[in-house]
Structure formats: C-alpha cells, structure tokens
Amino acid sequence: GVPFWRMIADRLRSAGIEDIAVVLRRRQRQEIVDSKIEVVVNYRPGLGMFSSLQAGLRYLKGYQGYMICQVDHPLVSESTYRALKKAFVDNKRGIYRPKYKGRLGHPIIIHRMAAEYLVRCPVQGRLDRLIQEGGWSCRDIEVEDEHILTNINFGDDLKHAVGYLSADRRGH
C-alpha cells in the first residue's frame, strides 16, 4: 500500500539525506504529495531510463554528488544509504557503488563532475557503460544488504517483495 518512491524517500531521510527529487512523466506529477520532495519532469520519457537520469541531473545543478536510486529497487536498507553517503562525504570524488557478496547493485553515488559528463552523453546511453567509457574511478562499498540486487519488474518480484516486507514488519 506504499508507493516505492515513498519507501525510498523515507529510508533516505532516515539515513540523513534531505535533498530528494523524483523524476517522472508529466502526467505523474500529481502523484508526489510531499512538499519536501522536488518533482522533476522528464518530458521525453519515451527515450528511456537514461533520459530520466539526465533530466534530473540537468535540473539539480550545484550539488557535490548525486545518489541515483532506481524506483524498482525500493527495498535497499537505510544502512546501505548511510554507508554510501559516508564513503562519498569522506572522499568526495569518483563513483560509489554498493557490493553484496561480490555483486554490484543499486543505488550509486556520482560526483558532480561525472554528472556534468553524463548530461552531455547521448540519450541512448547506458549508465554503466558511460561510466566505464568516461574513465571514472569507481569505489565499491561492501554492504550486508541483499536488496541492492532486488529489482522489482514483474509480478513475481513484487510478490517476493511484499512477502519480505510483511515478514520484516513482524520482526522476522
């Protein structure tokens, strides 16, 4: 019963991240009912997910870094957000990615310079490839959070997530 963007925003706030923006389609603007969340409209969503990232980065200029959270990864723990934030604040360069048992996941934090590079890239780009092509230094942060890998795209994924959340609320 809770939208994924709300779950993510609540955990980000609990992790001490206050400046939060959600990128969405024009017709979805009214779905965000939170005065503390910046709403950014992607006027060209048909161009793909990378166009949403670019819309957000263009709109949100002036930050030292950007944590990029995908809405289909709503189960990431507050401790993962905290760990990534701390790593970035301690170093303020490069790109920070969470890693669980040898596998990279989401979200990531990118430095301002990487953000400036990404907004100039072709809209057909893929973030992982563009990071590699740009030669950005990536630091992998080990976390104990399997949900950096949990991508909810299909009905079965959602059933698993609902089961996890129900068990989590019961304290299991």
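Start with the aromatic side chains of this predicted model, where three aromatic pairs are present. Select Tyr63 and Tyr66 for one of them: the two rings meet edge-to-face, with 5.9 Å from centre to centre and 70° between their planes. Colouring by accessibility separates the two partners, because Tyr63, at 33% relative accessibility, counts as partly exposed, whereas Tyr66 has a relative accessible area of 10% and is therefore buried.

Now move the selection to Phe88 and Tyr96, another aromatic pair with edge-to-face geometry, in which the ring centres lie 5.9 Å apart and the planes make an angle of 90°. Phe88 is buried, with a relative accessible area of 8%, and Tyr96 also counts as buried, its relative accessibility being 0%.

From the rings, turn to the backbone. Before looking at two particular places, it helps to recall that most residues other than glycine have a negative phi and that most peptide bonds are trans.

Select Lys101, which sits in the loop between β4 (95-100) and β5, and display its backbone torsions: phi is near 50°, a positive value in a residue that is not glycine. Is the residue Lys101 buried or exposed? Lys101 has a relative accessible area of 66%, so it is classed as exposed.

Continue along the chain to His106 and Pro107, and show the peptide bond that joins them, which is cis, with omega at about 10°. Pro107 itself belongs to the loop between β5 (103-104) and β6 (108-111).

For the last stop, display helix α2 (residues 49-59) together with helix α4 (residues 112-119), which pack at an angle of about 125° with their axes 9 Å apart. An angle between 115 and 145 degrees falls outside the parallel, antiparallel and perpendicular classes, which means that α2 is oblique to α4. If you rotate the view so that one helix lies in front of the other, the arrangement to look for is a left-handed crossing of α2 past α4.

Which residues make the contact between α2 and α4? On the α2 side, select Phe50, Leu53, Gln54, Leu57 and Arg58, and on the α4 side select Ala115, Leu118 and Val119. Colouring this set by residue type shows how the contact of α2 with α4 is composed, namely of six nonpolar residues, one polar residue and one charged residue.

Note on methods:
Residues are numbered from 1 along each chain as its sequence is written. This is a predicted model: local features need pLDDT of at least 70, side-chain atom pairs count only at pLDDT 80 or more; totals for chains, interfaces and linings use all residues. Side-chain values use heavy atoms; hydrogens and water are left out. Rings of Phe, Tyr and Trp (its six-membered ring) pair if their centres lie within 6.5 Å; planes under 30 degrees apart count as stacked, over 60 as edge-to-face and the rest as tilted. Buried means under 20% relative accessible area, exposed over 50%, partly exposed in between (1.4 Å probe, protein chains only). Helices (H or I, at least four residues) and strands (E, at least two) are DSSP runs, numbered from the N terminus. Axes are lines fitted to C-alpha atoms, for helices over the stretch in contact, and angles run from 0 to 180 degrees between N-to-C directions. Angles under 35 degrees count as roughly parallel, over 145 as roughly antiparallel, 65 to 115 as roughly perpendicular and the rest as oblique. A crossing is left-handed if the near helix is turned anticlockwise from the far one by less than a right angle, and right-handed if clockwise. Contact means heavy atoms within 4.5 Å. Ala, Val, Leu, Ile, Met, Phe, Trp, Tyr, Cys and Pro count as nonpolar, Asp, Glu, Lys and Arg as charged, and the others, Gly among them, as polar.
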